[in-house]
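I opened this notebook to look up the open and enclosed spaces in the model, then the packing of its helices, and last a few backbone details.

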Amino acid sequence: MMMHRVSVDAMIEDLRTLVEVESPSRDHDALAASAKAVAAVIESRLGGHAVLVESDAGPHVHWSGGGEPKVLILGHHDTVFPLGTLARRPFKVEGGHATGPGVFDMLGGLVQAIHGLAALEDRTGVEILVTADEEVGSHSSRALIEERALACGAVLVFEGAADGGGLKTGRKGCGSFQVAIAGRASHAGLEPAAGVNALIEAAHQVLDIAALGRPETGTTVTPTVAAAGTLDNVVPAEATIGVDVRVETAEEKERIEAAFAALTPHLDEARITVEGGVGRPPMPESASAELFAVAQRLVPGIEGKAVGGGSDGNFTAALGVPTLDGLGAVGGGAHADHEYLVIDAMAERANLVAGLVKAMQNK
C-alpha cells in the first residue's frame, strides 16, 4: 500500500485555521463555525463529504472513507477557552512550539490524524468522528460515539500525548457530584439555636466525603467548590459542595456512587440531596494492549502510561472495543495559558496514525 510524505508546513497551516476559529464548549454559534472549519479541512485533505451531525451541544463532524468500517478516529473540536482568548493569546509558531488556544487539547491531534490518513492511498474502512461536547461530559455525543465504535471495532483517540510523548494506555473513570444541604435560617444573634446551620452540616459532609478516597487503589475523592450562607448575621439555610471523583475500576465506581447515595446528616433536621455520578467509566489497560503492541512495532521505544484524566475513549473501552488514546499532539499545558505543541513531533505522530490504520485495514 502506497504512502505519501506528510508535510509539516501543511499541518501547521491547517492547525492555524482551526485554532483561529474559537470553539468554547456550549457556545453553539462558535461551535457551528468550528465544525464547518473542521469539515473543510477534512474534505480538502481527504476528499469525500464530512457530515455535520446536529446536536443539543453543537455540531459533531463525521466522515467515512467507505467500505466495511474497521477503525474509528475519535476527537473533539470544542475547547475550554472562552471567546476572546485568541485575541490575548494568538496562534504563534516560535522556538519549535506552536501555541494558541486548543493547540494541544486537541486541535493538533485532529490535524495530525487527518494528515496521517491523507498519506495513505487507501482510506477505506476508516471513519472520523469529531464531537462538540467532550470538554463538558459528551452527553449529546456519547450514543453516537458508542454506535460508531461498535461498528468499527477499533478506536484511535487523538487527545494530547502523555508527558514525554507517551501514549495513554489506561484512564481513570471520572465524574462529579453535587451535594446540596438544606438547613433552616434564623437570626445568628437573637435565635441561633432556632436555626439548622447548613454550613456546619457541610463541614461534616466535606470530611465524610474526603474520607471516601482510597489512593492506594487509585480512587481520589476531592471536594472542590463549596458555598453557603447569605449574610453575616443569618444562620445559613443552604450549602452546596462540588466533588471531583476518579476511579480505576468498575467496583470502585459502584462503591463511590453507593457511598454518595448513603450520605446522612449529622445535624437534626438537616437534609441532604445528591446529584451526579461517575459519568466516564474507567478505561482499563487491557483495552489498549492490542493496539499499543502495534504502535510499539511502528515506533520502537514509545511508552504507554495510565493517566488520571478521562476522555471519550473511556466510553469505547467500556464497550470492550480495543481503544488506544494519547495519539495526538506532543506538548503540554492542556487547559492552561502555557499550552503548546511540539512541532518536531508532528510528522512522526502523523506517520504513526497511518501505520496504525494500515494495520487495522489489513486485519
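Before turning to the largest pocket I wrote down the term: a pocket is an open set of grid points with protein on both sides within 12 Å along at least five of seven lines, and its lining residues have an atom within 4 Å of a point. I also noted that the model is predicted.

**Entry: the pocket.** I looked up the volume of the largest pocket and found about 770 Å³. Its lining counts 34 residues, and E134, E135, C174, R280 and G310 are the ones that lie nearest the centre. I then asked which helices and strands each supply at least two residues of this lining. They are helix 4 (103–118), strand 8 (167–171), strand 9 (173–182), strand 11 (238–247) and strand 12 (271–280), and strand 12 gives the largest share, with four residues. Sorted by class, the lining of the largest pocket has 15 polar, 10 charged and nine nonpolar residues.

**Entry: the cavity.** I searched next for enclosed space and found one cavity of 30 Å³ or more; the space in the largest cavity comes to about 50 Å³. Its lining is made by L18, V19, V21, E22, S23 and P24, together with T79, F81, P82, T85, P101 and L107. By class I noted eight nonpolar, three polar and one charged residues for the lining of this cavity.

**Entry: packing against helix 10.** I reminded myself that two packed helices are described by the angle between their axes and the distance between the axes.

I took helix 8 (residues 289–298) and helix 10 (residues 346–361) as a pair and read off an angle of about 125°, with the axes 10 Å apart. Angles of 65 to 115 degrees count as roughly perpendicular and those over 145 as roughly antiparallel, and helix 8 and helix 10 are therefore oblique to each other. The crossing of helix 8 past helix 10 is right-handed. On the helix 8 side the contact uses L291, V294, A295 and L298, which meet L352, G355, L356, A359 and M360 of helix 10. The classes in this contact are eight nonpolar, one polar and no charged residues.

For helix 1 (residues 8–19) against helix 10 I found an angle of about 90° and axes 10 Å apart, which makes helix 1 roughly perpendicular to helix 10. Here V8, M11 and I12 of helix 1 meet M346, A347 and A350 of helix 10, and the contact has six nonpolar, no polar and no charged residues.

What is the angle at which the axes of helix 4 and helix 10 cross? I read roughly 55°, with the axes coming within 8 Å; helix 4 and helix 10 are therefore oblique to each other, and their crossing is right-handed. Helix 4 contributes Q112, A113, G116 and L117 to the contact, while helix 10 contributes M346, R349, A350, V353, A354 and V357. I counted these by class as seven nonpolar, two polar and one charged.

**Entry: backbone details.** I checked omega and found a cis peptide bond between D105 and M106, with a value of about -5°; M106 is found in helix 4. I also looked up phi of S138, which is near 60°, a positive value in a residue other than glycine. S138 sits in the loop between strand 6 (126–131) and helix 5 (142–152).

Definitions and conventions
Residues numbered from 1 in each chain as written. Predicted model: local features only at pLDDT ≥ 70, side-chain atom pairs only at ≥ 80, totals over all residues. Heavy atoms only, no water. 1 Å grid on protein atoms, 1.4 Å probe; cavity = no way out; pocket = protein on both sides within 12 Å on 5 of 7 lines; lining within 4 Å. Points joined across faces, edges and corners; volume = space filled by probe spheres on them. Nonpolar A, V, L, I, M, F, W, Y, C, P; charged D, E, K, R; others polar. Axes fitted to C-alpha atoms, helices over the stretch in contact; angles between N-to-C directions. Parallel < 35°, antiparallel > 145°, perpendicular 65-115°, else oblique. Left-handed = near helix turned anticlockwise from the far one by under 90°. Contact = heavy atoms within 4.5 Å.
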